[in-house]
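Student: Could we go through some of the labels attached to this model, setting each value against the definition behind the label?

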Amino acid sequence: APLAEVRVDGVWELTLPGRAAIRLDNGPVPWTDLGAEGFAGVGVYAGHVDVDPAFLRDRRISASLGDVGDIARVLVNGTDCGIIWTAPFEADITEAIRPGRNDVVVEVANGWMNRLIAEARHPTGEIFGPVAEVYEPDAAIHRSGLSGPVALRAYAR
């Protein structure tokens, strides 16, 4: 169990290619909950957190992401802290985190499924016919993006 935890709450920003950035006042939310059900690709969530030096002292620190749909890369202060794709969706960020303000970026990628379902529901002709017919129009959208809550967890070294 963690010795201590700091929530990375407050304002986050979600950027999806070709769209204006979305301000998320209460932490990360899946893009499928924000009107981007048919998006397939990489969404970038950016937030920041202030960390007290005592929280870091002689500890191993991880970033806990909550839930991810489907795979995430975690960057802290520009340092790549790895790719995670299974629960509990935690990345070791010990080498990247520092006292004071820290930038936390989570790049989340999903598969093609939602884009293909969106094509089945509202054909654009942008996708090769046989591929566009893989899913039925009433297929369920797969929750995609970062659900949070995001928290830093301190463990004994």
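Student: Why is Arg143 called partly exposed?

Tutor: Arg143 has a relative accessibility of 45%, and since buried means under 20% relative accessible area, exposed over 50%, and partly exposed in between (1.4 Å probe, protein chains only), Arg143 counts as partly exposed. This is a predicted model, in which local features need pLDDT of at least 70 and side-chain atom pairs count only at pLDDT 80 or more, while totals for chains, interfaces and linings use all residues. Residues are numbered from 1 along each chain as its sequence is written, and side-chain values use heavy atoms, with hydrogens and water left out.

Student: What makes the pairing of Asp33 with Arg143 a salt bridge?

Tutor: The closest N and O atoms of Asp33 and Arg143 are 3.0 Å apart, and a salt bridge requires a side-chain nitrogen of Lys or Arg within 4 Å of a carboxyl oxygen of Asp or Glu, so the pair qualifies. Asp33, in the loop between strand 3 (22–24) and strand 4, and Arg143, in the loop between helix 3 (129–132) and strand 11, are 110 residues apart and link distant parts of the chain; here helices (H or I, at least four residues) and strands (E, at least two) are DSSP runs, numbered from the N terminus. Asp33 is also partly exposed, because its relative accessible area is 43%.

Student: How do you know that Arg73 and Asp80 form a salt bridge?

Tutor: Their closest N and O atoms lie 2.7 Å apart, which therefore meets the salt-bridge definition. Arg73, at 29% relative accessible area, is partly exposed, and Asp80, at 41%, counts as partly exposed as well.

Student: Which salt bridge lies in helix 2, and are its partners buried or exposed?

Tutor: Glu119 and Arg115 both lie in helix 2 (residues 113–121), 4 residues apart, about one turn of the helix, and their side chains meet at 3.1 Å, N to O. Both residues are buried.

Student: Why is Phe89 called buried, and Asp58 exposed?

Tutor: Phe89 has 8% relative accessibility and so counts as buried, whereas Asp58 is exposed because its relative accessible area is 64%.

Student: What makes the phi values of these two residues worth pointing out?

Tutor: Most residues other than glycine have a negative phi. Phi is near 55° for Asp58, in the loop between helix 1 and strand 5, and near 50° for Phe89, in the loop between strand 8 and strand 9 (90–92), and both values are positive.
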